[in-house]
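Here is a short briefing on one protein model. Read it with the structure open beside the text.

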Amino acid sequence: MSSHTRRQFLAVTAVATGGVAGCLGSESSTSRSGSATEGPGRTIPEQAATDPAVLFRRADADRPPIRLADDGDEADSSRRPDDHRPSTKVVDDTATADRLVVDESVDSHREAPSSDLASFRSSTDFERETLYLETKQVRQCFRLSLCYIAWDTGIETDYGRLLRPYDEQCTADRRVFESRLIRLPVALDADEINRFGSSTSSSACRPRQPQAEENRTNRSNGSEQP
C-alpha cells in the first residue's frame, strides 16, 4: 500500500469508527491535573502562554534537529525522546544558549515564521525571559500544534495532533522529531524547575478562558467550580 493510500485509509477508518485508532490514537505523557482537555476546549492555567515565540524544526533524522552541543555534538544527540517522554531543557542564560545547535536543512513548517537560531537567541533577554527546548516524536503523517505552555515550579506543554495535508507524502508507521525552542515571557531559574509535563490530544487547539478568569465568571454567576 502506498504512503498516500495508507493515509487515506487511516482517515476513512477513523471516521467510520467514530473514534481514533491505530496511529490516530492519543499519545501523551504525564501532565499535572487541571490541564487536560475539557468540554469544547482546553482549560488554560493562569501562568501560561498560548502564542509564544517559537523556533521550530521537524526532521526525519537520527537525532533532534535542535539540541545542545557537547563534546562534538555526541552527548546530547544520544539522548533521544520517545513516544511518552519528550526531551526537555530549560535555557536560562547566555552560556547555555550558546551551546544550542540547529539543523537548518530540515522542515521549519508553518507553525512559526522562519527564523534562524542566532537571531532568535540574540533577541532573548535572559533578565526577563527564558528559553525552553522540547523535542517530541510524532508519527510522520501527523504534526503537532502547540496549544499552550504553562509554568510555575514546573513546565507543562499541551499539544493538538493534526493530520498533515493529503498532498504531503508520508509513511504511517514512521516517526520524526519535532523540536521547539520556546521563548517564555518570564525569567526562570533552571535549578528551581523540578517538574516537566506534556500532553497531546487528537483535537485541535480550542482554548477556553484562563482558569482564574473562568473562576471569576463562575462566581459572578452564582456558581462555584467543584
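Of the 226 residues in this protein, 45% are buried. The model is a predicted one. Its secondary structure comprises four helices and 13 strands. Among contacts with a separation of 6 or more, 81% join residues 24 or more positions apart. The accessible surface is about 11400 Å², and carbon and sulfur atoms contribute 47% of that area.

**The four-stranded sheet**

- Four strands form an open sheet in the order S3-S9-S10-S12, and the pairing is mixed.
- Strand S3 (48-49) and strand S12 (195-201) are the edges; each has a single partner strand, so one side of each lacks a neighbour in the sheet.
- S9 (residues 142-151) and S10 (residues 154-163) run antiparallel and share nine bridges.
- The connection from S9 to S10 is a hairpin of two residues.
- Within this pairing, Leu146 has Tyr159 of S10 as its bridge partner.
- On the S12 side the sense changes: S10 and S12 are parallel, with seven bridges between them.
- Glu156 faces Gly197 of S12 there.
- How covered is S10? Eight of its ten residues are buried, so the strand counts as mostly covered, with under 20% relative accessible area as the cut-off for each buried residue.

**Disulfides**

- The whole structure contains two disulfides.
- Counting the bonded cysteines in sequence order, the pairing reads 1-3, 2-4.

*Cys141 and Cys170*

- The sulfur atoms of Cys141 and Cys170 lie 2.1 Å apart in this disulfide.
- Cys141 belongs to the loop between strand S8 (130-139) and S9, and Cys170 to the loop between S10 and strand S11 (175-184), so the bond ties together parts 29 residues apart in sequence.
- The torsion about the S-S bond of Cys141 and Cys170 is about 95°, which makes the disulfide right-handed.
- Both ends are covered: Cys141 is buried at 1% relative accessible area, and Cys170 is buried at 3%.

*Cys147 and Cys205*

- Cys147 and Cys205 are joined by a disulfide, with an S to S distance of 1.9 Å.
- This pair links distant parts of the chain, 58 residues apart: Cys147 is in strand S9, while Cys205 is in the loop between S12 and strand S13 (207-210).
- The link of Cys147 and Cys205 is left-handed, with -80° about the S-S bond.
- Are its two ends buried or partly exposed? Cys147 is buried, at 6% relative accessible area, whereas Cys205 is partly exposed, at 27%.

**Aromatic rings and charges**

- One aromatic pair is present in the structure.
- Tyr132 and Phe196 make up that pair; they are stacked, 6.2 Å centre to centre and 5° between the planes.
- Tyr132 is in strand S8 and Phe196 in strand S12, so the stacking ties together parts 64 residues apart in sequence.
- Tyr132 is buried, with 1% relative accessibility, but Phe196 is partly exposed, with 41%.
- Two arginines sit over phenylalanine rings.
- The charged end of Arg161 is over the ring of Phe142, 4.7 Å from the ring's centre.
- Arg183 lies over the face of Phe120, and its distance from the ring centre is 4.3 Å.

**Around Val186**

- Where does Val186 lie? It is in the loop between S11 and S12.
- Val186 is partly exposed, with a relative accessible area of 21%; the cut-off for buried is under 20%.
- Val186 and Thr130 are 56 residues apart in sequence, yet their C-alpha atoms are 6.1 Å apart in space.
- Which residues does Val186 contact, leaving aside its neighbours within four places in sequence? They are Arg128, Glu129, Thr130 and Trp151.

How values were computed. Residues are numbered from 1 along each chain as its sequence is written. This is a predicted model: local features need pLDDT of at least 70, side-chain atom pairs count only at pLDDT 80 or more; totals for chains, interfaces and linings use all residues. Side-chain values use heavy atoms; hydrogens and water are left out. Buried means under 20% relative accessible area, exposed over 50%, partly exposed in between (1.4 Å probe, protein chains only). Contact means heavy atoms within 4.5 Å. Accessible areas come from the Shrake-Rupley method with a 1.4 Å probe; for residues, only the protein chains shown count as cover. Two strands pair if DSSP finds at least two bridges between them. A disulfide is a pair of cysteine sulfur atoms within 2.5 Å. Rings of Phe, Tyr and Trp (its six-membered ring) pair if their centres lie within 6.5 Å; planes under 30 degrees apart count as stacked, over 60 as edge-to-face and the rest as tilted. A charge sits over a ring if NZ of Lys or CZ of Arg is within 6 Å of the ring centre and within 35 degrees of the ring normal.
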